[in-house]
Amino acid sequence: MTTFRTSFLCATATTFLALPAMAQSNILASDPASVLNYFESEGFPADLESDNQGDPLIEVKYFGSSFSIYFYGCDENVDCLSIQFFSGFRTDGNVGIDSINAWNSDFRYLRAYLTDEQSSRIEYDVYLGTNGMSVGDFEGVVDSWTRGMQRFEEHIGW
């Protein structure tokens with residue numbers, strides 16, 4: 001009985017000690033370095049900068065394309081709650097609103113729009129909250145974004 005109790009207590013203590021380490025391995029909007037480290041660990045060049053509001057901004061190079069990750073829901077430029085994947089394309093009016101509307105009706109997560117200058121843009125918002133997202137789930141988000149971005153580039157003839 002003592003062996004069982006000792007084993008149980010050791011296993012329980014180990015589990016509780018491992019929890020902070022597991023939580024830190026989550027991707028957190030409040031920890032922009034966790035987002036940056038994800039892309040760097042996958043072999044994609046990425047730079048952590050600040051946007052014009054002083055909030056974190058990550059620029060990523062991905063197989064010949066580039067995109068930005070903006071941070072939102074921040075409290076004085078820290079403790080952010082969500083991110084937005086963003087990519088813009090200078091299409092100079094060569095992509096019409098019907099094409100953008102067709103895209104938006106066919107694709108669930110990525111939203112497309114035209115700017116006043118007739119450039120095409122896509123965005124993908126992800127709420128990470130205070131606990132963040134597991135690396136595995138974030139990998140799925142990145143896969144959804146990058147596949148969608150590639151399909152959008154094909155859609156607009158980029």
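Leaving aside its neighbours within four places in sequence, F67 is in contact with a long list of residues, namely F39, I58, E59, V60, Y62, F85, F86, S87, W145, T146 and M149. This residue is a useful place to enter the structure, which is a predicted model, and several of the names in its list will return below.

The protein has four helices and six strands, and, read from the N terminus on, these elements follow one another in the order α-α-β-β-β-β-α-β-β-α. Of the 158 residues of the protein, 37% count as buried. When contacts between residues at least 6 apart in sequence are considered, 49% of them join residues that are at least 24 apart.

From this overview we can turn to the interior. The largest nonpolar core has 36 residues, and F67 is one of those with the most contacts inside it, together with F39, I69, I83, F85, I122 and F138. Both helices and strands supply this core, since the elements that give two or more residues to it are α2 (32–41), β2 (56–62), β3 (65–72), β4 (82–89), α3, β5 (111–114), β6 (120–127) and α4. Among these elements, α4 gives the most, with six residues.

Two further phenylalanines show how the strands take part in the interior. F71 has its place in strand β3, and F71 counts as buried because its relative accessible area is 0%, where the limit for a buried residue is under 20%. Not counting residues up to four places away in sequence, F71 touches A29, P32, V35, D55, P56, L57, I58, C80, S82 and I83. One of these partners, S82, is 11 residues away from F71 in sequence, while the two C-alpha atoms are 5.9 Å apart in space.

F86, in turn, is found in strand β4, and with a relative accessible area of 14% F86 is buried as well. With residues up to four places away in sequence again left out, F86 touches F67, S68, Y70, Y113, R121, I122, E123 and W145. Of these, W145 is separated from F86 by 59 residues in sequence, yet the distance from C-alpha to C-alpha is 9.3 Å. F67, the residue with which we began, has both F86 and W145 among its own contacts.

The helices come next, beginning with α2. In this helix P32, S34, V35, L36, Y38 and F39 are buried, and what covers the buried residues of α2 includes β1 (46–50), β2, β3, β4 and α4. Just after α2 ends, G43 takes a positive phi of about 90°.

Two packed helices are described by the angle between their axes and the distance between the axes. For α2 and α4, the angle is about 70° and the axes are 12 Å apart, and these two helices are therefore roughly perpendicular to each other. Their contact is made by V35, Y38 and F39 of α2 and by V135, F138, E139 and V142 of α4. Sorted by class, the residues of this contact divide into six nonpolar, no polar and one charged.

Helix α4 (residues 135–155) also meets helix α3 (residues 97–106), and here the axes come within 11 Å and cross at roughly 150°. That angle makes α3 roughly antiparallel to α4, and α3 passes α4 in a right-handed crossing. The residues that make the contact are S99, I100 and W103 on the side of α3, and G148, R151, F152 and H155 on the side of α4. By class, this contact of α3 with α4 has three nonpolar, three polar and one charged residues.

Finally, the loops hold two details of the backbone. Most residues other than glycine have a negative phi. E76, however, has a phi near 55°, a positive value in a residue other than glycine, and E76 is found in the loop between β3 and β4. At 71% relative accessibility, E76 counts as exposed. Q118, although it is not a glycine, likewise has a positive phi, of about 65°, and Q118 lies in the loop between β5 and β6. With a relative accessible area of 33%, Q118 is partly exposed.

How values were computed. Residues are numbered from 1 along each chain as its sequence is written. This is a predicted model: local features need pLDDT of at least 70, side-chain atom pairs count only at pLDDT 80 or more; totals for chains, interfaces and linings use all residues. Side-chain values use heavy atoms; hydrogens and water are left out. Axes are lines fitted to C-alpha atoms, for helices over the stretch in contact, and angles run from 0 to 180 degrees between N-to-C directions. Angles under 35 degrees count as roughly parallel, over 145 as roughly antiparallel, 65 to 115 as roughly perpendicular and the rest as oblique. A crossing is left-handed if the near helix is turned anticlockwise from the far one by less than a right angle, and right-handed if clockwise. Contact means heavy atoms within 4.5 Å. Ala, Val, Leu, Ile, Met, Phe, Trp, Tyr, Cys and Pro count as nonpolar, Asp, Glu, Lys and Arg as charged, and the others, Gly among them, as polar. A nonpolar core is a set of buried Ala, Val, Leu, Ile, Met, Phe, Trp, Tyr and Cys residues joined through side-chain atoms within 4.5 Å. Buried means under 20% relative accessible area, exposed over 50%, partly exposed in between (1.4 Å probe, protein chains only).
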